[in-house]
Amino acid sequence: MANLPTRKWPWRGVIEEYRQFLPVSDATPVVTLLEGGTPLVESKVLGPSLSGKIKMYFKYEGLNPTGSFKDRGMVMAIAKAKEDGATMTMCASTGNTAAAAAAYSSAAGMASVVLIPAGYVALGKLSQALAYGARTLSVEGNFDDCLRCVREICENYPVALVNSLNPYRMEGQKTAAFEVCEALGGPPDFHALPVGNAGNISAYWLGYKEYRDRGITDSLPVMLGIQAAGAAPLVHGKPVDHPETVATAIRIGNPARWNDAVKAASESGGIFRALTDEEILATYADLARYEGLFVEPASAAGVAGVRKLAHEGYFGDRAVTVACTLTGHGLKDPDRAISMAPQPETVRADVAQLLDILGLR
Ligand code: F0G
């Protein structure tokens with residue numbers, strides 16, 4: 001039987017809540033912004049519309065301090081970098097890692113440098129990196145080019161790399177799997193999430209395995225990794241030279257955590273699937289419209305994948321629970337939201353006219 005811990009509120013952030021599962025000591029500085037502790041919301045419309053047998057849950061990571069799941073791993077990476085005496089951090093990013101690195105570096109009193117692919121970072125994320133005070137460099141190239149530069153610099157100069165190649169990032173991010181288990185009373189049958197650089201799927205798998213290995217839970221979920229069709233190296237089994245997708249967060253052709261992600265899928269009996277931009281955007285719109293959950297486009301990929309797989313009969317006839325991680329908040333990409341919805345009408349401040357427009361008289 002599951003042997004899950006109970007938690008007291010107020011929430012203290014992932015390092016304090018999960019100290020015994022993390023490589024920290026009394027020497028590790030506390031740099032928390034009270035990340036983690038995000039809700040697991042049961043689907044009211046999209047899940048039930050698939051079949052009466054599928055119970056779908058959303059791990060709403062957009063409610064973290066900088067609006068994405070990256071904060072869980074970043075608090076660890078920054079705390080450990082600070083413990084090691086680093087004064088400067090660096091990352092490549094499609095935007096969310098940059099926002100988190102910038103915020104936590106500032107909170108820890110360190111300088112941060114973020115390399116972002118020119119022209120392909122959503123406005124909200126860019127505004128965050130700038131506001132938190134990161135040295136923000138817009139690189140003429142894609143994410144993979146940015147990461148190559150960051151790796152070379154961090155290997156040779158005293159700068160702490162805080163991409164998900166950093167093992168502490170994985171340690172922090174695995175706590176999301178712990179929280180899902182605690183909310184459901186055990187692991188779900190399936191866990192679906194968008195895959196870009198492939199750190200998150202690897203981290204969830206670490207977390208699920210750790211709870212099982214410690215006897216806290218007694219089973220493991222099947223991991224479903226969803227990529228965008230124009231940036232689906234793990235689906236094709238080879239890097240993509242020129243990745244393209246409207247889901248800019250996962251516009252990555254050569255994921256750094258490739259091997260770990262393949263392991264997560266194969267050990268769990270799971271799969272990688274590619275979805276078109278149209279499929280991802282349709283679910284992006286439906287999540288806001290029917291569930292009240294505003295996410296960024298990439299964050300809808302996991303849910304879109306589950307819908308597609310369900311229509312293909314992948315989940316069979318038995319009753320199953322499916323958890324989907326909604327990785328980032330909708331406010332990250334306001335341009336996309338506005339371009340997909342009808343524009344507001346301008347009206348006079350006149351009640352009679354409003355009643356006419358609304359058909360109320
Ligand atoms: N969803 C969002 C909103 C993301 O920002 C990312 C990755 C992913 C999913 C995929 O996670 O890389 O661990 O497989 N964003 C990174 C960044 C690449 O730079 O912010 P992953």
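**Notebook: a helix, a ligand and two buried residues**

I began at the end of helix α7, where I found that the helix is followed by Gly185, a residue whose phi is positive, near 80°. I note here, before going on, that this is a predicted model, and I read every value below as computed from that model.

I then went back along the helix itself, which spans residues 175-184, and found it mostly covered, with 8 of its 10 residues buried. The buried ones are Thr175, Ala176, Ala177, Phe178, Glu179, Val180, Cys181 and Glu182. I wrote beside this the rule that an α-helix has 3.6 residues a turn, so residues three or four places apart point the same way.

My next entry concerns the ligand. I looked up where it is placed, and found that it sits in the largest cavity. Around the ligand I found 20 residues, and the closest are Ser93, Asn96, Asn197, Ala198 and Thr327. When I sorted this shell by kind, I obtained 7 nonpolar, 11 polar and 2 charged residues. I also checked which helices take part, and saw that α3 (96-107) and α8 (199-213) each supply at least two residues of the shell.

Which atoms lie 2.7 Å or 2.8 Å from an oxygen atom of the ligand? I found a polar side-chain atom of Asn96 at 2.7 Å from a ligand oxygen, and a polar backbone atom of Thr97 at 2.7 Å from an oxygen atom of the ligand. For Gly196 I noted that a backbone N or O atom lies 2.8 Å from an oxygen atom of the ligand. After these contacts I looked up the cover, and learned that the ligand on its own has 470 Å² of accessible area, of which the protein covers 99%.

I stayed with Asn96 for one more entry, since I wanted to place it in the chain, and found that Asn96 belongs to helix α3. Is Asn96 buried or exposed? I call Asn96 buried because its relative accessible area is 6%, and the cut-off for buried is under 20%. The side chain of Asn96 also makes a polar contact with the side chain of Lys332, at 2.8 Å.

Last, I turned to Asp71, which lies in helix α2, residues 70-83. Asp71 has a relative accessible area of 0%, and therefore I enter it as buried. I also looked up Thr32, which is 39 residues apart from Asp71 along the chain, and found that the C-alpha atoms of the two are separated by 9.2 Å.

Methods
Residues numbered from 1 in each chain as written. Predicted model: local features only at pLDDT ≥ 70, side-chain atom pairs only at ≥ 80, totals over all residues. Heavy atoms only, no water. Buried < 20%, exposed > 50% of the residue type's maximum accessible area, 1.4 Å probe, protein only. Helix = DSSP H or I, 4+ residues; strand = E, 2+ residues; numbered from the N terminus. Near = heavy atom within 4 Å. Polar contact = N/O pair within 3.5 Å; in protein donor to acceptor, adjacent residues only side chain to side chain. Areas by Shrake-Rupley, 256 points an atom, 1.4 Å probe, with all protein chains shown as cover. 1 Å grid on protein atoms, 1.4 Å probe; cavity = no way out; pocket = protein on both sides within 12 Å on 5 of 7 lines; lining within 4 Å. Sits in = over half its atoms within 2 Å of the grid points. Nonpolar A, V, L, I, M, F, W, Y, C, P; charged D, E, K, R; others polar.
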